[in-house]
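Here are a few short exercises to work through with the model open in your viewer. Try each one before reading its solution.

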Amino acid sequence: MNLASVYQSYQKSGRYFLGLVFVLLTLTGRTQNLYTVSGKVVSPTGEVLMGNVVALSVVDSSFVKGNSFLEGDFELAGLDRREVLLKLTSLQFKDTVFRVVFNEKQSVQLGEIVVNDGMKILDAVEIVGDVPLFNARPDGVLQVNVANTVLATSNSVNEILTRTPQVTVDDEGISVFGKGQAILYLNGKRVPAERLASLSASQVKSIEVISNPSAIYDAEGKAVINIITNDNLQDGYRVTAQQQLTWSDMAGAASSSILNFNYKRSKVDVSGNYDLRLGNDAELLYTSRVRPDQEDYLHSDLVWDFQRDLKNISKYSLGVSYDLNGKGYASLEYNGSYESTDDLTRNRNHIVTLDEDGLYTSRVTRAGLIRNNSATVNLSTILDTLGSSLFVGGQFSNYTATLRDNIDEDNVVNNEEVSRILKSDQNNDITIINPQTDFVKVYARGHRLSIGAKLSYAKIESQLKFYSATGENSYEPDTDRSNDFAYEETVPAAYIQYDGAFTKTITYGLGIRSEWTRYTLNTTVQDHGMFRSSYLNFFPNAQMSIALNKVKLRAAYTSRITRPSYQSLSPTLIYQDAFTSIEGNPELRPEKTHAIEVGAAFDMFDFKVGYNYTIDPMSGAALRGDSDKSYVLKNLNFRSGHLYFATLSASVNTSWLTSTNSVSVSYNKFTDDQYGYRQVGVRPQIYIYSSNRINVGNIVTVNVIGWYLGEKYYSLRYNKSRSIVAVGVERELFHKAIKCTLTANDIFKTNSAAGTYDVGETFVTYDRTYNLNYYRFTVTYTFGQLKKIQYKSKSTGEAENSRVR
């Protein structure tokens, strides 16, 4: 057997490993002993309270058993598991969630539980154990825990998302399987993708993957990913220092040094973070373009080799909040980043036509400096004893980039050498302002009315100056490639959402959001000039859930919009190689999606199916340029898209294993009547995810995460399968003050984005490899002096609609 066949077998074994893990682990049994938990819920002043108590599964937050209480005292008997999440809910206090472990006793008396907004003071209960990687909540939201899991060893938020269940990251952005491209929220507030650059991975506590967002969320995007950062509710101070050392064959060495601190005294809470990355990064792309027609024959093989020197990647933040006597908070936060890099890109394009055999090579060096700065101000206040609230806040963000390119071309055409020297200077400035206000009126019996308004304003200015060398140190402007680009967008929005209950077991939600988009685009590119457009859209949504003993049923309808990115509208030509460039499309239309989803949760299982209908779905392709050898990478609209999907999730929890698994199948079809795509057919695509945390005695903990994304045939394009398997081993030392982790990521080297499509008589293949195969050693040291409290907690969840704290 040759080496190639051995390697192929090695790759296949990694892919099928995930499916085997999913089948075996879901067959694991559990104990059937019966347990009882009781307690009394009171306010800080000693007043007995009324509400509901619900026991949830510790691995997927599915419903186990529930009861109501009128005068503080509650009891849940007949629980069939040794550990549960106990959730206290009421209109009189904030949802309180904690973990109860029945050690040697089958009955636990919690005593008095004092609750108020943001405080959970527990007595006579030990809350310990491993944190499950994700919980499929009864409302359909997938909550992914980052703190104290293998995801905490990531060195960026983008890397966390690549390892998050149901989330895929590629050239088109961040997407949710079965839905499509997602928009980002930070602690319940919308942020642009650029904001992630100033957020350290160590600040992330958990991530909510919201497949069916209500009207309180912006209508853009087909799903919402809400990133929740760490908070500190204990008086005193805490400091965490972390050092990461990474090695990969593709890029070499890299390091990340992280420092977090929290300080709280009385009503004042201060937190800060600094993250410094140094080292190298890399990316590799192979592309082939073939026109087989003998009268117009072309064969192009392109290699794009990208190397990056991380001279100084710094991220920093400082925030302060003030508690308004338990009736709300006021907060101010600053986040920033400074990114200094030196890039080297080597391009090699071998082009063969009927009358030419040419080898076009270029060497592009880039000096880049990117600065991001963001300030957020928030004020939230509780208006009555039922929990009605008013929120007023705003965010100001500014992103600047200065890019200097030097381009050396060495071309050989029909055995004749042709050289050219180019350079470019590019300056980008983006300003984003987002004020918003939200009012929530809480009524008796759990009914809630939410009304809000938001203004999104963005201004983008970009100048690209291109030059061609005329001598050793002299250059002349290249007006064909140079461009001044300006874009201004205003989106005022308003929403109303009503959530209520027909009975104790049937809840519903109805809402509608309106957004009026206005934008103006100016460019100096020839034959373009100014573009101006405006459109008003309404986005209704509806949700319903029914609890039938251990079965929880749910259904939802949502309508969404995905607007083009700012740069994708700019007709500026960006250099890739002598015959390849990137160009925006000012005629790009936003895509609109209508989605229906139904689901059911039972015990350890969660199942959902859905259908999405999309108008004007956006995609991208390499289209023919002005010359017979040139191609332009451009965004474009298809006519329509249809997506069907189904997902089954299951979780297992034993004394030595915490395992969460999911398998999904989708069927995706697009139609096009403009660009001449050749049909490739439609086939189902499979997605498998498995996360396993294994306790090996009291010595080490082993974490294994893997996912497999199968082949995708969606009418007009074909994507090859890809997968990833990551293994981590961690050990805690010195009474958990120090944690050491060794991680091996993408150990089978199978996470490359590859595929084919046939458009405009050109057959295109591509294969892009990212720097994801690496080994990383992480040491985390935590110290501080915190006020002693009566409970321990490990990220058991937050309220469904968390707002910025």
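**Exercise 1.** Work out whether strand E1 is largely enclosed or not, keeping in mind that this is a predicted model.

*Solution.* Start with the span: E1 covers residues 35-42. Next, apply the cut-off, where buried means under 20% relative accessible area. Seven of the eight residues of E1 pass that test, so the strand is largely enclosed by the rest of the structure. Now look for its pairing partner: E1 runs antiparallel to strand E4 (residues 73-79), with five bridges between them. For one concrete pair, pick Ser 38, whose bridge partner in E4 is Glu 75.

**Exercise 2.** Place Thr 400 in its strand, classify its exposure and list its contacts beyond four places in sequence.

*Solution.* Thr 400 sits in strand E23. Its relative accessible area is 23%, so Thr 400 is partly exposed. Setting aside residues up to four places away, Thr 400 touches Leu 369, Ile 370, Arg 371, Asn 428 and Asp 429. Take Leu 369 from that list: 31 residues away along the chain, its C-alpha is 8.2 Å from that of Thr 400.

**Exercise 3.** Find which strands each supply at least two residues of the nonpolar surface patch, then check Ile 451.

*Solution.* The patch members include Leu 390, Val 392, Ile 451, Trp 516 and Phe 538, and the whole patch has about 940 Å² of accessible area. Strands E23 (389-413), E28 (506-523) and E29 (530-548) each give at least two residues. Ile 451 belongs to strand E25 (residues 448-469). With 37% relative accessibility, Ile 451 counts as partly exposed.

Conventions:
Residues numbered from 1 in each chain as written. Predicted model: local features only at pLDDT ≥ 70, side-chain atom pairs only at ≥ 80, totals over all residues. Heavy atoms only, no water. Patch = residues over 30% accessible without salt bridge, like charges linked within 9 Å, V, L, I, M, F, W, Y side chains within 5 Å. Areas by Shrake-Rupley, 256 points an atom, 1.4 Å probe, with all protein chains shown as cover. Salt bridge = Lys/Arg side-chain N within 4 Å of Asp/Glu carboxyl O. Buried < 20%, exposed > 50% of the residue type's maximum accessible area, 1.4 Å probe, protein only. Pairing = 2+ DSSP bridges. Contact = heavy atoms within 4.5 Å.
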